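Here is a quick tour of one small piece of structural reading. Have a look at the picture, then follow along below.

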Amino acid sequence: MYVYSATNVRLAELSLSYDVPIAKVVPWVKGLHIAFTGRNLLMFYCKAPFDPELTASTATGFAGMDYFMLPSMRNIGFSARVNF
């Protein structure tokens with residue numbers, strides 16, 4: 001009765017990057033690379049009422065059990081690399 005399927009489809013990681021052509025505007029800068037990265041952005045399909053990749057404890061006794069777990073974290077980051 002309390003057994004759930006752990007089938008899920010998610011967008012685990014997405015990274016978008018762009019090389020900005022800044023050498024035409026600022027001659028002493030050779031290049032500028034910017035990137036946006038996101039992890040755990042979207043869950044398209046999850047059959048269980050909780051995130052199956054999270055566990056309630058590090059012990060093997062609670063593996064895959066819904067034990068009032070916190071929702072999974074969404075991480076969003078930005079990076080910039082400048083070449084002189």
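## Starting inside a strand

In which strand does asparagine 40 lie? You'll find asparagine 40 in strand E2. Keep in mind that what you're looking at is a predicted model.

Asparagine 40 has a relative accessibility of 16%, and the cut-off for buried is under 20%, so asparagine 40 counts as buried. Its side chain makes a polar contact of 3.2 Å with the side chain of arginine 10. Leaving out residues up to four places away in sequence, asparagine 40 touches Arg10, Leu11, Ala12, Ser72, Met73 and Arg74.

## The whole chain

Let's zoom out. The protein chain has 0 helices and 3 strands, and reading along the sequence gives the pattern β-β-β.

Of the 84 residues in the protein chain, 13% are buried. The chain exposes about 6900 Å², and 63% of that comes from carbon and sulfur atoms. Now take the contacts between residues at least 6 apart in sequence: 65% of them join residues at least 24 apart.

## How the strands line up

The 3 strands make an open sheet in the order E1-E2-E3, with antiparallel pairing. Why is one side of E1 and of E3 left without a neighbour in the sheet? E1 and E3 stand at the edges and each has a single partner strand, so there is nothing from the sheet on the other side. On average, neighbouring strands of this sheet are turned by 15° against each other, ignoring direction.

As for what holds such a thing together in general, strands of a sheet pair through backbone hydrogen bonds, either parallel or antiparallel. Here, 12 bridges join strand E1 (residues 8–20) to E2, while 9 bridges join E2 to strand E3 (residues 75–83). You can pick out some of the matching positions yourself: on the E3 side, glycine 38 stands opposite isoleucine 76, and alanine 35 stands opposite serine 79.

## Histidine 33

Back in strand E2 (residues 31–46), have a look at histidine 33. Is histidine 33 buried or exposed? With a relative accessibility of 19%, histidine 33 counts as buried, since the cut-off is under 20%.

Aspartate 19 shows up twice in the story of this residue. Histidine 33 is the bridge partner of aspartate 19 in E2, and the side chains of histidine 33 and aspartate 19 also make a polar contact of 2.5 Å. Not counting neighbours within four places in sequence, histidine 33 is in contact with Ser17, Tyr18, Asp19, Ser79, Ala80 and Arg81.

## Two pairs of rings

How many aromatic pairs does a search of the whole structure find? The search finds 2. In one of them, the ring centres of tryptophan 28 and phenylalanine 84 are 6.0 Å apart with their planes at 0°, so that pair is stacked. Tryptophan 28 sits in the loop between E1 and E2, and phenylalanine 84 in the segment after E3, so the pair ties together parts 56 residues apart in sequence. Tryptophan 28 is exposed, with a relative accessible area of 61%, and phenylalanine 84 is exposed too, at 62%.

Then there are phenylalanine 36 and phenylalanine 78, with ring centres 5.1 Å apart and planes at 45°, so this pair is tilted. Phenylalanine 36 belongs to strand E2 and phenylalanine 78 to strand E3, so the pair links parts 42 residues apart in sequence. Phenylalanine 36 is partly exposed at 45%, whereas phenylalanine 78 counts as exposed at 54%.

Methods: Residues numbered from 1 in each chain as written. Predicted model: local features only at pLDDT ≥ 70, side-chain atom pairs only at ≥ 80, totals over all residues. Heavy atoms only, no water. Helix = DSSP H or I, 4+ residues; strand = E, 2+ residues; numbered from the N terminus. Buried < 20%, exposed > 50% of the residue type's maximum accessible area, 1.4 Å probe, protein only. Contact = heavy atoms within 4.5 Å. Areas by Shrake-Rupley, 256 points an atom, 1.4 Å probe, with all protein chains shown as cover. Polar contact = N/O pair within 3.5 Å; in protein donor to acceptor, adjacent residues only side chain to side chain. Pairing = 2+ DSSP bridges. Axes fitted to C-alpha atoms, helices over the stretch in contact; angles between N-to-C directions. Phe/Tyr/Trp six-rings, centres within 6.5 Å; stacked < 30°, edge-to-face > 60°.
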